Amino acid sequence: MLICALIPDVVLPGLTFRKTLEKANWLFMDYQKTLDFLFSQLPAYHRIGKAAYRNDLGNTLALDEYLSHPHRNFRSIHIGGTNGKGSVSHMTASILMEAGYRTGLYTSPHLTDFRERIRVNGRMITKKYVNGFVLRHRKIIDSLKPSFFEMTVAMAFEYFASTGVEIAVVEVGLGGRLDSTNILSPVLSVITNIGHDHMDLLGDTLEKVAAEKAGIIKKGVPVVIGESLGSTDDIFIEAAAAAGSEIFFADRSFKCIPDERINPGEPGIYEAINLNTGKSFRGNSVLRGDYQAKNLQTVLQISDLLGGIAGVSEENVVNGIEGVVRNTGLQGRWQIVGKEPLTICDTGHNKEGLEYVVNQLRKTARGRIHFVIGFVSDKDLSTILPLLPAEALYYFTRADVPRALDENILMERAVKSGLKGNSYPDVESAVRAARSAAVADDLVFIGGSTFVVADALSVPDLIKPR
């Protein structure tokens, strides 16, 4: 009876005392055991790949109906695209926080803690809420057997509604048209860019990928396209016209010029120019990846529209960009995690993302590059391995997820492409070997997969997260 008194929300009408206690046990369940249950019972794309992908919204709509449509209780900004959507989502949320809004942020995948996916004003969802969500909704979870992503989106939307979020920034998971987040009716839709990723699921041409991502464009809702690309621009223009939505190409309205003279470990200075008005301003950004210049252009276009939608000011924009890591906890984007040797990790994992990474590595490195690298098994290495610097020394490894490509298979493929190095059974041993072999002027890079970066950041005392 004492347990029941302490947790009245789980004592439900019509339940026997025994059943009440069974449900109560879930509330006091260890957080890690709750996650183990979710990972073991629900197919998760980040663990098993395309087998977890659902090409319809049936479960999402059923969960939304069951939860009484929580996403209708807050405004939202919906952000998709191939690359940069995580960084753009974090910066947009940080700007809204600076503008005084109670801001929700939903992103995926997570790096070191499941709760990174769901934040309110930068604070992760509580472990108690995660446990309680499973307790309250175990019956429908068992009945529908949703994917891990479908369940997580439902959890995020319920959490945002229950905690009084005023506006949520929601990152699309995969694609757009059939993504679980696409039940939103946002105030603004954003597509950062189109690139070569998930083409086995979204289509074998950039045009087909663009058509899937254009599925987040809603009737009468303004849409921002981050980067112009001749072969796909018309797809977005036609989709916006069909929806009666005004369309804005960020790179046609804003130009961001980073100052490359700043040392790698220091915040970057950028100059932003509004190409329509000629007005410019300068600011600081802790996100130093070269690719962030394009992300900043997208964020500036979003912010320009949010000036009218949400009263966002230029001061909010400058402060939000500079404070994004402090405000939202963003990790894994050209993140410096050690010095002497300079050690950097980045989650870029497809052709376009790695092109930026490799170019910046060559500009940054003073000595030899030590490349700790691993991929998922469904990655098209034929487009990626030729991009990697032949002069680097490689530490081929695998992340601790079922999707990870075997490190010896990776090494065999890489050697055929002219790369040199050794294989390591896990990320920790690969990073330790690289840092041990590198001298003070060398550079150690960790990447190739979000999960390789996640494993590196999870090792106690190995490196220091930002």
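Contact here means heavy atoms within 4.5 Å. The structure is a predicted model, and by this criterion Asn59, Ala62, Leu63 and Tyr66 of helix α5 meet Arg136, His137, Ile140 and Leu144 of helix α7. Five of the residues in this contact of α5 with α7 are nonpolar, two are polar and one is charged.

Two packed helices are described by the angle between their axes and the distance between the axes. For α5 (residues 58-66) and α7 (residues 127-144), the packing angle is about 155° and the axes lie 12 Å apart. Angles over 145 degrees count as roughly antiparallel, and α5 is therefore roughly antiparallel to α7. The crossing of α5 past α7 is right-handed.

The model also contains an open sheet of eight strands with mixed pairing, in the order β4-β3-β2-β5-β1-β6-β7-β8. Its edge strands, each paired on one side only, are β4 (123-124) and β8 (247-249). Strand β7 (residues 223-225) runs parallel to β8 and is joined to β8 by three bridges. In this pairing, Val223 is placed opposite Ile247 of β8.

Helices α8 and α11 both pack on the sheet. Helix α8 (residues 148-162) touches β2 (103-106), β3 (118-120), β4 and β5 (167-171), and the direction of α8 makes about 10° with that of β3. Helix α11 (residues 230-243) touches β6 (188-191), β7 and β8; the direction of α11 makes about 155° with that of β8.

Note on methods: Residues numbered from 1 in each chain as written. Predicted model: local features only at pLDDT ≥ 70, side-chain atom pairs only at ≥ 80, totals over all residues. Heavy atoms only, no water. Axes fitted to C-alpha atoms, helices over the stretch in contact; angles between N-to-C directions. Helix = DSSP H or I, 4+ residues; strand = E, 2+ residues; numbered from the N terminus. Parallel < 35°, antiparallel > 145°, perpendicular 65-115°, else oblique. Left-handed = near helix turned anticlockwise from the far one by under 90°. Nonpolar A, V, L, I, M, F, W, Y, C, P; charged D, E, K, R; others polar. Pairing = 2+ DSSP bridges.
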